[in-house]
Amino acid sequence: MAFALDKRLEVESHLAVTHKHIQIRLADESRYFWVLLVPAIADDQNNTFVSEIHDLPANVSADLWSLSSQISRWLKAHTKSDKINIAVLGNVVSQLHIHVISRYKSDKIFNVSNAGKVAGSKVIS
């Protein structure tokens, strides 16, 4: 099957350019400079996208990480951010995509991490 972008990614971001086989998308988010990187390849004959990093061809994986580093450096230099966040989750949108987000200590939720938290539980005791 041919590559197809998840509808949620399509609605919540805007295609800036495709570099090699990776879509560079701008998130529809006004609080942060937020870039999404989406490998524009299909997994196999049954899937229209790749959902796991380990399923990428080696060259696409290398290009994806290289591009995320280049964009991170650019964002850090041009936005004067305090931190660049890079995240790959996929629990809600299973299509593989990488978030590259420019963050500032002045962000209302800069010191909040929800990774691994469940209401009423502690990550580390």
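This is a short talk on one predicted protein model, going from the overall fold to one helix and then to a pocket.

Okay, so, the big picture. We've got two helices and five strands here, and if you walk along the sequence the order is α-β-β-β-α-β-β. Of the 125 residues, 33% come out as buried. On the contact side, take pairs at least 6 apart in sequence: 48% of those contacts join residues at least 24 apart. And for the surface people, about 8,200 Å² is exposed, with carbon and sulfur atoms supplying 54% of that.

Now, have a look at α2, residues 58-79. How far apart should its ends be? At 1.5 Å a residue, its 22 residues should span 32 Å, and the end C-alpha atoms sit 31 Å apart, so that agrees. The buried residues in α2 are V60, S61, D63, L64, L67, S68, I71, S72, L75 and T79. What covers them? The cover includes strands β1, β2, β3, β4 and β5. Then, just past the end of α2, K80 has a positive phi of about 55 degrees.

Last stop, the second largest pocket, with a volume of about 160 Å³. Its lining is I24, L26, E29, Y32, F33, W34, V35, I71, W74 and L75. Which elements give two or more residues to that lining? That would be β2, β3 and α2. You'll recognise I71 and L75 from the lining, as both were on the buried list for α2. By class, the lining has nine nonpolar residues, no polar ones and one charged.

Terms used:
Residues are numbered from 1 along each chain as its sequence is written. This is a predicted model: local features need pLDDT of at least 70, side-chain atom pairs count only at pLDDT 80 or more; totals for chains, interfaces and linings use all residues. Side-chain values use heavy atoms; hydrogens and water are left out. Helices (H or I, at least four residues) and strands (E, at least two) are DSSP runs, numbered from the N terminus. The expected span of a helix is 1.5 Å times one less than its number of residues. Buried means under 20% relative accessible area, exposed over 50%, partly exposed in between (1.4 Å probe, protein chains only). Contact means heavy atoms within 4.5 Å. On a 1 Å grid over the protein atoms alone, a cavity is a set of points where a 1.4 Å probe fits but cannot get out, and a pocket is an open set with protein on both sides within 12 Å along at least five of seven lines; lining residues have an atom within 4 Å of a point. Grid points are joined across faces, edges and corners, and a volume is the space filled by probe spheres set on the points. Ala, Val, Leu, Ile, Met, Phe, Trp, Tyr, Cys and Pro count as nonpolar, Asp, Glu, Lys and Arg as charged, and the others, Gly among them, as polar. Accessible areas come from the Shrake-Rupley method with a 1.4 Å probe; for residues, only the protein chains shown count as cover.
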